[in-house]
Amino acid sequence: MQLKKAAYVAAGFVALTLGTAGLVVPLLPTTPLVLLAAFFFSKSNKRLEAWLCRSCIFGPFIENYRTGQGIGIVHKVATLVFLWAGLGTTIWLLDQLVLYIFLSCVGVGVTTHILLMKTKRSGVNGD
């Protein structure tokens, strides 16, 4: 049983590391990877799960997902701006047609997913 818990902890840190990288790398989805890390930590180490859920960066993502509140409009806009800025920069720097088509499809898919997510309504500015 200890080996299983250690594997969950390791998987949690791998998912969290990738999710953290996803804050700046357009093709790495931050939120699903952080949620995966929370899942792995919940199966292995309650202290690590609590630490992640209290995180000022990732805690609100986990809380909003678990309670079904959705994400705020400010976060939706920021996500889409960063997504398209990153994709556009990558396309411009590498200037390859196949990459342009692939990243454009990824961008449209992620944009559609973000726009279809429930919008959290709380406070004056919707965030």
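This passage looks at the aromatic pairs and a nonpolar surface patch in a predicted model.

Start with the aromatic rings. The count of aromatic pairs comes to three. One of them brings together Tyr 8 and Phe 40, whose ring centres sit 5.8 Å apart; with the planes at 35 degrees, the pair is tilted, since tilted covers whatever is neither under 30 degrees nor over 60. This contact ties together distant parts of the chain, as Tyr 8 belongs to helix H1 and Phe 40 to helix H2, with their positions 32 residues apart. The two partners differ in how much cover they get: Phe 40 is buried, at a relative accessible area of 17%, whereas Tyr 8 is partly exposed, at 22%. The cut-off for buried is under 20%, so Phe 40 with its 17% falls on the buried side.

Phe 40 also pairs with Phe 39: here the centres are 5.7 Å apart and the planes stand at 55 degrees, so this pair is tilted too. Phe 39 itself comes out as partly exposed, with 40% relative accessibility. Put together, Tyr 8, Phe 39 and Phe 40 make up one aromatic cluster.

Now for the surface. Leu 23, Val 24, Val 25 and Ile 57 build a nonpolar patch of about 370 Å². Of these residues, Val 24 is placed in the loop that runs between helix H1 (2-21) and helix H2 (30-44). With a relative accessible area of 71%, Val 24 counts as exposed, because the exposed class takes in anything over 50%. The helices on either side of that loop, H1 and H2, are also the ones that carry Tyr 8 and Phe 40, respectively.

Methods. Residues numbered from 1 in each chain as written. Predicted model: local features only at pLDDT ≥ 70, side-chain atom pairs only at ≥ 80, totals over all residues. Heavy atoms only, no water. Patch = residues over 30% accessible without salt bridge, like charges linked within 9 Å, V, L, I, M, F, W, Y side chains within 5 Å. Areas by Shrake-Rupley, 256 points an atom, 1.4 Å probe, with all protein chains shown as cover. Salt bridge = Lys/Arg side-chain N within 4 Å of Asp/Glu carboxyl O. Helix = DSSP H or I, 4+ residues; strand = E, 2+ residues; numbered from the N terminus. Buried < 20%, exposed > 50% of the residue type's maximum accessible area, 1.4 Å probe, protein only. Phe/Tyr/Trp six-rings, centres within 6.5 Å; stacked < 30°, edge-to-face > 60°.
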